[in-house]
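Got the viewer open? Keep the selection tool handy and follow along, stop by stop.

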Amino acid sequence: MTLTRVHTDQKLVSQVESQLPAPSDRAVKIRIAHLSATYQQARGYLSVIEDLSLDIYEREFLCIVGESGCGKTTLLNIVAGLIAPASGEVHMDGQPIRAPGPERAMVFQEDAVFPWYTVRQNLEYGLKIARLSQARRDEIVDRYLRLVGLEEFQHAYPRELSGGMRKRVDVARAMALDPQVLLMDEPFAALDVLTKERLQVEFLNLWSTARMTVLFVTHDLEEALFLADRVVVMSSRPGRIRRIVNVPFPRPRSAELKTEPAFQELRRELTHELGS
Ligand SMILES: Nc1ncnc2c1ncn2[C@@H]1O[C@H](COP(=O)(O)OP(=O)(O)O)[C@@H](O)[C@H]1O
Ligand SMILES: [Mg+2]
């Protein structure tokens with residue numbers, strides 16, 4: 001089978017694109033205000049995030065980059081409602097986030113697929129929990145199997161799939177829930193470079209048709225610049241915002257973008273910033 005066989009309705013993509021106002025003209029979807037996070041460790045408290053404020057707009061693709069240990073996962077977990085901040089608040093649509101909810105789906109670096117379920121059962125699981133009818137479940141699962149090109153593997157178990165295919169299942173699983181916000185924690189970091197690049201393109205295409213708000217964490221600047229509307233560069237721990245970059249490259253984007261001089265120049269500039 002061809003692993004790149006991801007369906008994109010280019011007409012639909014450009015339709016969606018042209019109807020959307022610039023990110024900063026849209027409503028604020030998630031407001032992070034004066035957020036601080038600490039962990040209690042053997043030798044006392046460790047300050048991980050310090051006074052971080054950030055607005056994420058409706059249907060924006062926002063990437064957060066920062067070196068390992070700067071608090072990226074902690075930040076995502078707070079937005080997910082999995083852990084509580086030491087101080088500050090996170091609001092979604094004006095409501096404080098205090099617990100996980102179905103309107104926020106998470107994709108982690110490690111696959112969150114159940115090894116004892118088939119691809120199809122994995123995709124169906126969350127929809128079952130959401131109490132969708134069997135007919136509706138079948139319809140959504142079929143659609144996502146087609147979108148990520150895994151129809152032929154729907155009855156396979158995760159162990160029978162490559163890492164890239166498992167990640168496709170994982171991303172499809174999260175998107176099939178039709179969340180308002182997708183929280184992604186270095187989802188492609190464990191993949192080899194070629195698979196990673198392919199999945200980035202596929203994921204952008206998928207996102208272009210669904211257009212939910214995405215908060216995507218990575219330590220890979222190239223990945224961030226390729227995917228995002230805006231890139232937030234974090235300082236090393238305790239995490240603060242060092243810089244916010246409006247990514248100037250138009251959509252739809254293809255892999256060739258990474259070889260363009262303007263892309264490489266911006267990447268170089270930010271690499272310098274990230275390292276300083
Ligand atoms: N549950 C925890 N208990 C104590 N310290 C933690 C815990 N989780 C993370 N840390 C520490 O907090 C810092 C930030 O971690 P994390 O948010 O995972 O960073 P990142 O995702 O950017 O690599 C690290 O120094 C890490 O060791
Ligand atoms: Mg992390």
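A polar contact here is a pair of N or O atoms within 3.5 Å; within protein, one must be able to donate a hydrogen and the other to accept it, and residues adjacent in sequence count only if both atoms are side-chain atoms. Keep in mind that you're looking at a predicted model.

**Stop 1: Arg 104.** Put that definition to use by selecting Arg 104 and Glu 103: their side chains are joined by a polar contact of 2.9 Å. You'll find Arg 104 in strand 6, which covers residues 104–107. Is Arg 104 buried or exposed? Arg 104 counts as buried because its relative accessibility is 11%, and the cut-off for buried is under 20%. Now show what surrounds the residue: beyond neighbours within four places in sequence, Arg 104 has contacts that include Val 79, Ala 80, Met 92, Ile 97, Pro 179 and Leu 183.

**Stop 2: Lys 258.** Next, jump to the loop between strand 10 (241–246) and helix 8 (261–275), where Lys 258 sits. With a relative accessible area of 8%, Lys 258 is buried too. Select Glu 197 as well, and you can draw a polar contact of 3.4 Å between the side chains of Lys 258 and Glu 197. Leaving out neighbours within four places in sequence, Lys 258 also touches Gln 200, Glu 222, Phe 226, Phe 263 and Gln 264. Try a C-alpha to C-alpha distance to Phe 226: it comes to 7.0 Å, though Lys 258 and Phe 226 are 32 residues apart in sequence.

**Stop 3: ligand 1.** Centre on ligand 1 and show the 13 residues around it; Gln 41, Gly 69, Lys 72, Thr 73 and Thr 74 come nearest. Zoom in on the polar atoms:

- a side-chain N or O atom of Gln 41 is 2.9 Å from a nitrogen atom of ligand 1;
- a backbone N or O atom of Gly 69 is 2.7 Å from an oxygen atom of ligand 1;
- a polar backbone atom of Gly 71 is 3.1 Å from an oxygen atom of ligand 1.

On its own, ligand 1 has 560 Å² of accessible area, and the protein covers 66% of that. Strand 1 (28–41), strand 2 (44–57) and helix 2 (72–80) each give two or more residues to the shell, with helix 2 giving the most, at three. Colour the shell by type and you get four nonpolar, six polar and three charged residues.

**Stop 4: confidence.** Finally, colour by pLDDT. The chain averages 90, and 91% of the residues score at least 70. Where is confidence lowest? That's helix 1 (residues 10–19), with a mean of 49, while strand 7 (residues 181–185) is highest at 98. Over residues 1–15 the pLDDT is below 50. Where pLDDT is low, don't read the predicted coordinates in detail.

Conventions. Residues are numbered from 1 along each chain as its sequence is written. Chains are lettered from A and ligands numbered from 1 in the order in which they are written. This is a predicted model: local features need pLDDT of at least 70, side-chain atom pairs count only at pLDDT 80 or more; totals for chains, interfaces and linings use all residues. Side-chain values use heavy atoms; hydrogens and water are left out. A residue is near a molecule or strand if one of its heavy atoms lies within 4 Å of it. Accessible areas come from the Shrake-Rupley method with a 1.4 Å probe; for residues, only the protein chains shown count as cover. Helices (H or I, at least four residues) and strands (E, at least two) are DSSP runs, numbered from the N terminus. Ala, Val, Leu, Ile, Met, Phe, Trp, Tyr, Cys and Pro count as nonpolar, Asp, Glu, Lys and Arg as charged, and the others, Gly among them, as polar. Buried means under 20% relative accessible area, exposed over 50%, partly exposed in between (1.4 Å probe, protein chains only). Contact means heavy atoms within 4.5 Å. pLDDT is the predictor's confidence in each residue, from 0 to 100.
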